[in-house]
Amino acid sequence: MKFLSRKATCNSHGQDSSYFLGWQEYEKNAYDEITNPSGIIQMGLAENQLSFDLLESWMANNPDAAGFKRNGQSIFRELALFQDYHGLPEFKNALVQFMSQIRGNKVTFDPSKLVLTAGATSASETLIFCLANPGEAFLLPTPYYPGFDRDLKWRTEVEIVPIHCSSSNNFIVTKSALEDAYQRAHKRNLKVKGVVITNPSNPLGTTSTREELDLLLDFVQDKNIHLISDEIYSGTVFNSSPNKFISVAQVLKDRNLADNSELSKRVHILYSLSKDLGLPGFRVGALYSNDDTVVSAATKMSSFGLISSQTQYLLSCMLSDQKFTSHYIVENQKRLKNRYDKIVSGLRNAGIGVLPSDAGLFCYVDMRHLLSSNTFEAEMELWKKILYQVKLNISPGAACHCTEPGWFRVCFANMSEDTLSLALQRIKDFVDSTKPGDESRGSSRSSRHSSRSVMSLTKKWVLRLSSNGHEPER
């Protein structure tokens, strides 16, 4: 160990979280309809597999793009040679056009302010490197995406201070919660550099209201800090009202704030094609900023993780086809809505409630009534039963830093409808066989104390689990 760096030997990556441990167990015993029908069904993967046929149909109808040709002539050599790390102009133009289209063309984006990265993980980390120094802090509403402990903290060495949100108001961010997190950071002598939100939310599947966004903008303006809006699920909004999703860019525009205003320069957007197009393997991420210095620095950093020229060319052709993208956006959201309705109906039939949501590839599920006590130890006990007995990999709320035990994130778009039906039947059978007594309502012990106990438990588990975990999912 003495010959290795501090980074190589530290244990701050988050790999020992139950979020990642569930992945490792799934990989040891993955469900397959034919070869392993009793295996674990993966419901911890926020992946969109519902609209591949639309993408494949476009590819079949556009062989030149797939074959790296332009006007029938091969451009393979052109794409295979040196790439400027600023990215292909035609791809950046097509990507900002697609981003505007998702937002109902209520806002436009300047391609010169867009920085391309190899996935949203890289975009998140790059932006943090640009905004903060080691030891400084960002505030994040809970529950939040477990991968942020890796993406935002591991190499940058910044701190995350949770903004504690409650199920009593469907986990909406409040002014008092923001102020509380800010004051807790200062008591720890942490300089707060900004707030990070996911809109739509991962793991909640909810979209931020205009009131929430106004509150956040007022807060960061008052504190003179940054706001990062992770909008990688912006194209997955499936509610019936058209264009319900409100980007922070739209709120800035409605406030008549110029792009060069002080507040606008401290608001930054993260995006990716991993969720909206279901292409996580293509590694396409981006960050957008009105701050020229941030864009310049991030562009230089992007040379450490570029998107291949071939990928950029193919997707520039696809996203430039507005007839296709218009159809895809509508049809994909329709399919997500149908799948969401199916899982909500199935869970309710099993006696399990779901937080009302309108976006994403998952739902936030309330299993508090199945706990043996109101503790995170009981949540971990229930999670282990669901993983090893029911054979479903779902993500416990503790992994998302939820302050209330008994909530789980359950994904529904990464499997066939038949597999989802089987998963719902398994969970119903489990609930039917479980007859908790009155004590299942739980105790009043501190959830934060319990959370520390859970982390101790998972660190013990990781010693017996393979360290070759997945790096989902952004």
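Me: Which strand does helix 14 run at about 15° to?
Reply: In this predicted model, helix 14 spans residues 322-349 and lies across strand 11, strand 12 and strand 15. Of these, the strand for which an angle of about 15° is given covers residues 362-366, and that is strand 12.

Me: In what order do the strands of the open sheet that holds strand 11 and strand 14 lie?
Reply: Four strands form this open sheet, and their pairing is antiparallel. Its edges are strand 11, at residues 353-354, and strand 14, at residues 395-396, each of which pairs on one side only. Read across the sheet, the order is 11-12-15-14.

Me: Which residue of strand 15 is the bridge partner of proline 396?
Reply: Strand 14 and strand 15, the latter covering residues 407-411, run antiparallel and are joined by two bridges. For proline 396, the bridge partner in strand 15 is phenylalanine 408.

Me: What angle does helix 15 make with strand 15?
Reply: Helix 15, formed by residues 376-388, lies across strand 14 and strand 15. Strand 14 is an edge strand of the sheet, pairing on one side only. With respect to strand 15, helix 15 runs at about 30°.

Me: Which strands are at the edges of the open sheet of seven strands?
Reply: The seven strands of this open sheet follow the order 4-10-9-8-7-5-6, and their pairing is mixed. The twist from one strand to the next averages 25°. The strands that pair on one side only, at residues 114-117 and 159-163, are strand 4 and strand 6.

Me: How many bridges join strand 4 to strand 10?
Reply: Strand 10 covers residues 285-289 and runs antiparallel to strand 4. One bridge pairing places threonine 117 opposite its partner in strand 10, glycine 285. The number of bridges joining the two strands is four.

Me: What angle does the direction of helix 7 make with that of strand 9?
Reply: Helix 7, at residues 120-131, packs on the sheet and touches strand 4, strand 5, strand 7, strand 8, strand 9 and strand 10. Strand 9 covers residues 267-272, and the direction of helix 7 makes with that of strand 9 an angle of about 160°.

Me: What percentage of the residues in the protein chain is buried?
Reply: The secondary structure of the protein chain comes to 17 helices and 15 strands. Among contacts between residues at least 6 apart in sequence, 77% join residues at least 24 apart. Of the 474 residues in the protein chain, the buried share is 57%.

Note on methods: Residues numbered from 1 in each chain as written. Predicted model: local features only at pLDDT ≥ 70, side-chain atom pairs only at ≥ 80, totals over all residues. Heavy atoms only, no water. Buried < 20%, exposed > 50% of the residue type's maximum accessible area, 1.4 Å probe, protein only. Contact = heavy atoms within 4.5 Å. Pairing = 2+ DSSP bridges. Axes fitted to C-alpha atoms, helices over the stretch in contact; angles between N-to-C directions.
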